[in-house]
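Welcome, and please have your viewer open with the side chains ready to show. We will make a few stops, and at each one you get something to select and something to look for.

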Amino acid sequence: MSRKLSADADQLLAELQHLATLSDCAEPPPAVTRVVFSEADLRARAYLKGLYEEAGLAVRVDPIGNTFARWEGAEPAAGVVGSGSHTDAIPHSGMYDGTVGVLGALEAIRTLKRSGYCPRRSIELVMFTSEEPTRFGVGCTGSRAMTGRLTADQLTGLKDESGDNYDEVRQRAGFSGALQDVLLPEGYYHAFIELHIEQGPELEAAGLPIGVVTAIAAPSQLTLCVEGEGGHAGAVLMPVRRDALTAAAEVALAVERLARESVSPDLVATVGQLGVHPGAANSIPSRVTMSLDLRDIDLANRDAVLVRLREVAEAIACRRGVKLQVTVQNADPPSVADAGIVDAAEQACRDLGASHQRMISRAYHDSLFIGQVAPMGMLFIPCRGGVSHRPDEYASPEAMATGVEVLAATLAKLAEEA
Ligand code: GLV
Ligand code: MN
Ligand code: MN
């Protein structure tokens, strides 16, 4: 690719800003809440479909809403070069997580088209359904199902807070067809590369515009349910209490301590959700449900800490006379980027004069699952202060434009491969 690649940062920013208005957050943009299969999600999907069609792409939506926008190559039967990310957003988050990888891939395609390039392999943008675990407790349902990591039965077994299952909810949202058909045929992707904000501070600290990802850390998510005994907050004396919340609090502190003591500096653990029953000021909590998110690039260490955590939590429960039930929602392996895609991305950086470093992704992405069935890579761009999953998440238009141009150059290289 020797042609000049020049991304339109103004258009990309305007589209990101409009997308941010399609939100259920009580606060205005840049605060965003966009939960899968909600009204806001459906309005965002409709807006994006219009943009894909305006760009001359052929749109296909699978039975759970994974959306593919295809730029047909000269050899339509050859494996596809894919790029994309997600547009769902956790409650009260920012406007760049995932969206930069969807609208950025669209702008990369438009940039390549403007340059006069015509691909040999088809280049396909994908918007994955539900990368965030907000509604169904498991992240990346779209890419898991596409790669056979979540079967039709397992999808149907996922329930939201109202007790509605994934199948019912996706059908109510207007997505039809057999869940089995979400699975991609073997060899569908020749290569896949996702653009994303770093969600950490390393690139900004190093003053570098691009990170080339070499591996994605192994995520796991658990739900812990603590059952104690409720009662009147005034009448039950302290020595006989079996308070589910104080037991859960002790478990949360143990989680933090074990994570801090871990031999791997990359291990992180978070209790992000706490449901207290019955939730009255003058009632002793009888039941607490808590989430646990635990990750490490080192799978053996992640699993060892998980085992230790269960032991410690059970000991706390036993001492406090409460029952503990632990459910593993997911415990996934890490994913290693394909050496050829890393090379292509680094060569694209050199061609465009964009300095870069290799790095791991501590956050998970749909690429984690695509990487288990196809050659995968990721490009990171810096975000201010490394902040993400917060309304003040920010990536500059210049940073996004560089990311899009490197993505475009990498896609063009991959699309010409034999
Ligand atoms: C993705 O949003 C993650 O939690 O890593
Ligand atoms: Mn996220
Ligand atoms: Mn994301």
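The tour below goes from a metal site to two helices.

Before you click, note that this is a predicted model, in which local features need pLDDT of at least 70, side-chain atom pairs count only at pLDDT 80 or more, and totals for chains, interfaces and linings use all residues. Residues are numbered from 1 along each chain as its sequence is written, chains are lettered from A and ligands numbered from 1 in the order in which they are written, and side-chain values use heavy atoms, with hydrogens and water left out.

**Stop 1: the manganese site**

Select the manganese ion (ligand 3). Which protein donors does it have? They are His86 (NE2), Asp97 (OD) and His196 (NE2), at 2.0 to 2.3 Å from the ion. Donors here are N, O and S atoms within 2.8 Å of the metal (3.2 Å for Na, K and Ca); water is not among the atoms, so sites may look incomplete. Along the sequence, the donor residues follow the spacing H-x10-D-x98-H.

Now add the manganese ion (ligand 2): the two ions are 3.7 Å apart, and aspartate 97 coordinates both. Histidine 86 sits in strand 4 (residues 80-86) and aspartate 97 in the loop between strand 5 (89-93) and helix 3, so the pair ties together parts that are eleven residues apart in sequence. Helices (H or I, at least four residues) and strands (E, at least two) are DSSP runs, numbered from the N terminus. Histidine 86 and aspartate 97 are both buried, meaning under 20% relative accessible area, while exposed means over 50% and partly exposed in between (1.4 Å probe, protein chains only).

**Stop 2: helix 1**

Select residues 9-21, which form helix 1. Its buried residues are Ala9, Leu12, Leu13, Glu15, Leu16, Leu19 and Ala20. Look down the axis: these residues fall within an arc of 160 degrees, so they line one face of the helix. The arc is taken from the directions from the helix axis to the C-beta atoms.

Next, show strand 1 (32-34), helix 2 (39-54), helix 3 (99-114) and helix 12 (397-416), against which the buried residues of helix 1 pack.

**Stop 3: helix 8**

Finally, select residues 244-261, the 18 residues of helix 8. Buried or exposed: which are Leu253, Arg260 and Glu261? These residues are exposed. Among the buried residues of helix 8 are Val251, Val255 and Leu258. The buried residues of helix 8 pack against elements including strand 9 (218-227) and helix 9 (299-320).

Methods: The expected span of a helix is 1.5 Å times one less than its number of residues. Contact means heavy atoms within 4.5 Å.
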